Amino acid sequence: MTTSNIRAVRSVTAACLLGLLGDLLLRTGPWSLNLALWMIVAVAIPAVIIRGEGASTVRHPRYWLIAGGCVLAALATTVRASEAVWQFNLVALLTGLAVLLYQAGGGGVDRMTPEAIVLACWRAVASTAFGAAGLLLGDVEWRGASSTGRRVLAGGIIAVPIVVVLGALLAAGDPAFAAVVGRVNPQTLISHLFLWGFFAWITAGYLRALLVRPQDPGAMPPTPPRFGVVEVRTVLVAVGLLFALFVAVQLRALFGGAAFVSAESGLTFAEYARQGFFQLVAVGALTLGLLLVIDWGNGLAVGARALAWGILTLLGLILVSAGYRMGLYVSLYGLSPTRLYAGMAIGWIAVAAAWFGVTVLRGRRDRFVIGALLAATVWLAVLDVGNPEGFVVDVNVGRAVAGAPFDAAYLTGLSADAVPALVAALPKLSVMDRCAVVAGLEASRKRQRSGGDWRTWNLARWRAARLITALDSAADHPECVARPAP
């Protein structure tokens, strides 16, 4: 058999094994330790498939660097219990898998353009969804496969109806055997077959794109849009004027204070601060996307670059306004995980905008993506290591100590990441808030008792369970125990 056919046959075998492992590990949630174990095996499988071959992209250190990042993102799900942080890690994991396919095609990750990473993600989705069919119907040369393998497959197909008939007769002739066989739930069996087939299918498609038919990143690139110079400058001028007007209004609100805000919008200054920062974050992301599309299609000429620099400067002022409004809102109403993520997103967009100016606007478009990805990696690492929900608790406890209201019901409703900070904060809280936290933690323990098995083990949930179990409200906080009426 040819090398390509050997890889194809091995990829089919590996996909079947990964499908079985996926059914055993990933059929229960929330995904945590099970996802990490599955990913470790999945990134090691390609090295097994190409064993004995010479040079290969899978043997390149960059493969293991990117694959190691995917494994770290999966392992992070065993550390943090926050659903939002879990989703961020999942996005990072999927993006890393798409970059692996780009690397397999011979593309330099350090020179990846913005449209290239979009195309790589699209190809990863298409390969995962439809690649298994090409692997089975086109890449595997069944005539060249070993005769033993073909005979085993044929024998298995013939054996299925025979085993079913003989098994039915044995069950009818022996009640004990019938009782054992009867324990097999057809719905459970179907669910196992479905999950095995699903994970095997997507894995086969991915392995095909990674090892059997890696796609050249330069093959059939999307045709960039073409805009006239006048049209581009008109769009940039219009956006710049809109941003300048917005910044002017923000300066009036900053120096005019509550009187200006009330006169113009009918809102109090607190109500004014309470809304808008999420929309400003979206404005920042869309503006970067617009500039990237314009540069992709036409390349920003000298005049357009000057306008783009002006827009980036005004965008920086808008992001400062969003950050100021966020800080004001937190000082009035407290911090929540969503507000923290929005504030961190403002920081990432500011870094990406500055990097855009350093790279794209200076003719180094192929350097933009790697810098933005590194900034996003640092952003995610801060979330994984820093425990955002614990930070949220600390900030709100500090506000409560200073006399601000303390929302115990909301904070005890966060994930297990918040439990260590809540337990540590109990001595600082008032009696009423302390009792509310103790009651909320007890309710949290009751909810977690119905959790999954070892496959869903998570460090934050394990630690939280131990802390709550060790928290004896009757001994440590007798004021929170209801006393019977005399």
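This note sets out numbered remarks on the predicted model shown above.

1. Overall make-up. The chain contains 20 helices and zero strands. Of its 486 residues, 41% count as buried. The exposed surface of the chain amounts to about 25500 Å², and carbon and sulfur atoms supply 70% of this area.

2. Contacts along the sequence. Among contacts between residues at least 6 apart in sequence, 78% join residues at least 24 apart. One pair of residues distant in sequence is Leu236 and Ile294: they stand 58 residues apart along the chain, and their C-alpha atoms are separated by 9.7 Å.

3. The largest nonpolar core. In general, nonpolar side chains of soluble globular proteins tend to be buried together. In this model, the largest nonpolar core has 73 residues, of which Met39, Leu236, Leu312 and Phe356 touch the most other members. Helix α12 (residues 302-333) gives the largest share of this core, nine residues. A second, separate core holds 36 residues, including Leu340, Val419, Val437 and Leu471.

4. The surroundings of Leu236. When residues up to four places away in sequence are not counted, Leu236 touches Leu291, Ile294, Leu300, Ala304, Leu307 and Ile311. One of these partners, Ile294, lies in helix α11. Ile294 has a relative accessible area of 5%, which is under 20%, and therefore counts as buried.

5. Helix α14. This helix covers residues 368-386, 19 residues in total. At 1.5 Å a residue, a helix of this length should span 27 Å; the end C-alpha atoms are 27 Å apart, so the expected and computed values agree. The buried residues of α14 are Phe368, Val369, Gly371, Ala372, Ala375, Trp379, Leu380, Leu383 and Asp384. They pack against α3 (61-76), α4 (83-104), α5 (114-139), α11 (277-297), α13 (337-359) and α15 (388-401). Just after α14, Asn387 adopts a positive phi of about 60 degrees.

6. A nonpolar patch on the surface. Which residues form the nonpolar patch on the surface? They are Leu37, Ile40, Leu72, Leu75 and Trp454, which together have about 470 Å² of accessible area. The elements that contribute two or more residues to the patch are α2 (33-49) and α3. Ile40 is found in helix α2. The relative accessible area of Ile40 is 39%, which lies between the limits of 20% and 50%, so this residue is classed as partly exposed.

Terms used. Residues are numbered from 1 along each chain as its sequence is written. This is a predicted model: local features need pLDDT of at least 70, side-chain atom pairs count only at pLDDT 80 or more; totals for chains, interfaces and linings use all residues. Side-chain values use heavy atoms; hydrogens and water are left out. Helices (H or I, at least four residues) and strands (E, at least two) are DSSP runs, numbered from the N terminus. The expected span of a helix is 1.5 Å times one less than its number of residues. Buried means under 20% relative accessible area, exposed over 50%, partly exposed in between (1.4 Å probe, protein chains only). Contact means heavy atoms within 4.5 Å. A nonpolar core is a set of buried Ala, Val, Leu, Ile, Met, Phe, Trp, Tyr and Cys residues joined through side-chain atoms within 4.5 Å. Patches are made of residues with over 30% relative accessible area and no salt bridge: like charges are joined within 9 Å, nonpolar side chains (Val, Leu, Ile, Met, Phe, Trp, Tyr) within 5 Å. Accessible areas come from the Shrake-Rupley method with a 1.4 Å probe; for residues, only the protein chains shown count as cover. A salt bridge is a side-chain nitrogen of Lys or Arg within 4 Å of a carboxyl oxygen of Asp or Glu.
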